[in-house]
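Biologist: Hi, could you walk me through this one? I'd like to start with what counts as a contact.

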Amino acid sequence: MTFTRQLYQHINDVLPGTTTRTFSHYCGRSEGYYGSITAQNLPISTNSLIYLAEFLDQIIAIKSNYQPHKAKQLREIQEAIADEIAYRTNNVPVSNLPVRKMILGAVACVAYKRDHQFAMPTVILG
């Protein structure tokens, strides 16, 4: 089973009633997106995975208080999404080792800068 189909199945298990159309919307796409990519045996796009992870973050915030077990399952799905994105990033089709290291180093650098772009708030006690 492909990652895309597994992902859909896991989300359907945690959020019963998820249809292929609603899943497509969760990914930030039109209703036919999931059906189209599975019919063509294409992987879900990285942008769709990111959108889906952000969508799941909103659902987790809602479910954390009254359904913590579902929130935990959704976090596990987010981790699988992150792993898939990392795998795709690490699978750069470059045979030249120095160039490959340069690309992966740049990806790590961009991720670090993104995660540390906001300054810590300063509290002045008087």
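Modeller: Sure: contact means heavy atoms within 4.5 Å. This is a predicted model, where local features need pLDDT of at least 70 and side-chain atom pairs count only at pLDDT 80 or more, while totals for chains, interfaces and linings use all residues. Residues are numbered from 1 along each chain as its sequence is written, and side-chain values use heavy atoms, with hydrogens and water left out.

Biologist: Thanks! Which residues does K63 touch, leaving out those up to four places away in sequence?

Modeller: K63 touches L15, P68, K70, A71 and L74. K63 itself sits in helix α4; helices are DSSP runs of H or I with at least four residues, numbered from the N terminus.

Biologist: And is K63 buried or exposed?

Modeller: Buried, meaning under 20% relative accessible area; exposed is over 50% and partly exposed is in between, with a 1.4 Å probe and protein chains only. K63 has no salt bridge, and D57, the nearest side chain of opposite charge, is 14 Å away. For charges, Lys and Arg count as positive and Asp and Glu as negative, while His and the chain ends are not counted.

Biologist: What about α5, which residues are buried there?

Modeller: K70, A71, L74, I77, Q78, I81, E84 and I85. Their cover includes α1 (3-14) and α4 (46-63).

Biologist: How many salt bridges do you get?

Modeller: The count is 3, taking a side-chain nitrogen of Lys or Arg within 4 Å of a carboxyl oxygen of Asp or Glu. One of them joins E31 to R21, with the closest N and O atoms 3.5 Å apart. E31 lies in the loop between α2 (20-26) and α3 (33-39) and R21 in helix α2, so this pair ties together parts 10 residues apart in sequence.

Biologist: Where are E76 and K72, and how do they sit relative to each other?

Modeller: Both are in helix α5, 4 residues apart, so about one helical turn separates them. Their salt bridge has its closest N and O atoms 2.7 Å apart.

Biologist: And R88 with E84, what's the N to O distance?

Modeller: 3.0 Å, again in a salt bridge. R88 is partly exposed at 22% relative accessible area, whereas E84 is buried at 16%.

Biologist: Switching to α6, what does R100 contact beyond four places in sequence?

Modeller: R100, which lies in helix α6, is in contact with N90, N91, V92 and V94. R100 is partly exposed, with a relative accessible area of 21%.

Methods: Helices (H or I, at least four residues) and strands (E, at least two) are DSSP runs, numbered from the N terminus.
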